[in-house]
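Colleague: I am new to this one and would like to be walked through it. Could we take a few places in turn?

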Amino acid sequence: MARAALFLDRDGTIIADAHYPSHPDQVVLIDGAASAIARANLARVPVVVVTNQSGISRGHITVSQYESVRNRVDALLAEHDAHVDASYHCPHWPDRDGPCACRKPGIGMHTDAAHALQLSLTASVYIGDRWRDVQPALTTGGLGILVPGEETHFDDITRAKGLNTPRVRVIDTIGDAVDAGLAWIHAARGSAQ
Ligand SMILES: [Zn+2]
């Protein structure tokens, strides 16, 4: 049976947004992110990171620099007994590469993960600090949670709050957002039985 997952944005959601981070030393976990991921791990809900990395196409960072930053994120999470089950990135930059299926708000990364990990996108939760992180919830029928941070545009908050749908919420911290997502998944499982 396909499983529900937590899809998490990286920059500005799990780690502080360093604008095209190229070195592991730039990685700083956002307060509460690691412990929240650990709670998802304990609940056996897959955690999938989906991140737009146009800095690769723009020439700001190389793929190996991206990998070194990703490895550092994984290492810091491990210090908190937390892990992500899979990590996907979109290296494209629309101005140069044209449209692609993977760049959020597209759901190409999500569908790749769904095939690889046997996930139900409709049953999953989409968390991030930008509207484009949350919009996949409307595409898939899942739950979207905007967690406003330093880089969040006011328009994104207005949009999320103005939708008047239970499919999109605005929650102040990543810890509370993950807990709300886990509770939503748990309740959906209960009602499906
Ligand atoms: Zn892409």
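Modeller: Let us begin with Pro105, which sits in the loop between helix H4 (94–97) and helix H5 (108–117). Please keep in mind throughout that the model is predicted.

Colleague: What kind of peptide bond joins Lys104 and Pro105?

Modeller: The bond is cis, with omega at about 15°.

Colleague: And the chain as a whole, how many helices and strands does it have?

Modeller: The protein chain has nine helices and six strands. Its C-alpha atoms fill a box of roughly 50 × 35 × 30 Å along the principal axes.

Colleague: What is the radius of gyration, set against that of a compact globule?

Modeller: The protein chain has 16 Å, and a compact globule of 193 residues would have a value near 16 Å, so the two agree. Of those 193 residues, 39% are buried. Among contacts between residues at least 6 apart in sequence, 67% join residues at least 24 apart.

Colleague: Now the sheet. In which order do the six strands come?

Modeller: The order is E3-E2-E1-E4-E5-E6, in an open sheet with parallel pairing. Strand E3 (86–90) and strand E6 (168–170) are at the edges; each has a single partner strand, so one side of each is left without a neighbour in the sheet. From one strand to the next, the twist averages 20°.

Colleague: How many bridges are there between E2 and E3?

Modeller: Strand E2 (residues 47–52) pairs with E3 over five bridges, in the parallel sense. Within these strands, Val49 stands opposite Ser87 of E3.

Colleague: And what does E4 pair with?

Modeller: On one hand, strand E1 (residues 6–8) runs parallel to E4 and is joined to it by three bridges, with Leu6 opposite Val125 in E4. On the other hand, E4 and E5 pair in the parallel sense over four bridges, and Ile127 has Ile145 in E5 as its bridge partner.

Colleague: Which residues cover the two faces of E4?

Modeller: In strand E4 (residues 125–128), Val125 and Ile127 lie on one side, Tyr126 and Gly128 on the other, and all of them are buried. In a regular strand, side chains alternate between the two faces of the sheet.

Colleague: Does anything pack over the far strands, and at what angle to E6?

Modeller: Helix H8 (residues 154–162) lies across strand E5 (143–146) and E6, and runs at about 130° to E6.

Colleague: Which residues touch the most others in the largest nonpolar core?

Modeller: They are Leu6, Phe7, Ile37 and Ile127, in a core of 48 residues. Helix H1 (residues 33–42) gives the most to this core, namely five residues.

Colleague: What does Phe7 touch?

Modeller: Leaving out residues up to four places away in sequence, Phe7 touches Val48, Val50, His110, Ser124, Val125, Tyr126 and Ile127.

Colleague: Back to H1, then. Which of its residues are buried?

Modeller: Ala33, Ala34, Ala36, Ile37 and Ala40 are buried in H1. They lie on the same side of H1, because they cover an arc of only 160° around the axis. An α-helix has 3.6 residues a turn, so residues three or four places apart point the same way.

Colleague: What comes after H1?

Modeller: Arg44 follows H1, in the loop between H1 and E2. Its phi is near 60°, a positive value in a residue other than glycine. Arg44 is exposed, with 7 other C-beta atoms within 10 Å.

Colleague: What is phi for Gln118?

Modeller: Gln118 has a positive phi of about 55°, although it is not a glycine. This residue is in the loop between H5 and E4, and Gln118 is exposed, with 12 other C-beta atoms within 10 Å.

Colleague: Two last places: is Thr140 buried or exposed, and why?

Modeller: Thr140 is buried, because 21 other C-beta atoms lie within 10 Å and the threshold for buried is 20 or more. Thr140 belongs to helix H7 (residues 136–140). Apart from neighbours within four places in sequence, Thr140 is in contact with Ile107, Leu121, Thr122 and Ser124.

Colleague: And Ser64, buried or exposed?

Modeller: Ser64 is exposed, with 9 other C-beta atoms within 10 Å. Ser64 is in helix H3 (residues 63–79). The C-alpha atoms of Ser64 and Ser22 are 8.9 Å apart, and the two residues are 42 residues apart along the chain.

Notes: Residues numbered from 1 in each chain as written. Predicted model: local features only at pLDDT ≥ 70, side-chain atom pairs only at ≥ 80, totals over all residues. Core = buried A, V, L, I, M, F, W, Y, C linked by C-beta atoms within 7 Å. Contact = placed C-beta atoms within 7 Å. Pairing = 2+ DSSP bridges. Axes fitted to C-alpha atoms, helices over the stretch in contact; angles between N-to-C directions. Rg over C-alpha atoms; globule rule 2.2 N^0.38 Å. Arc of directions from axis to C-beta.
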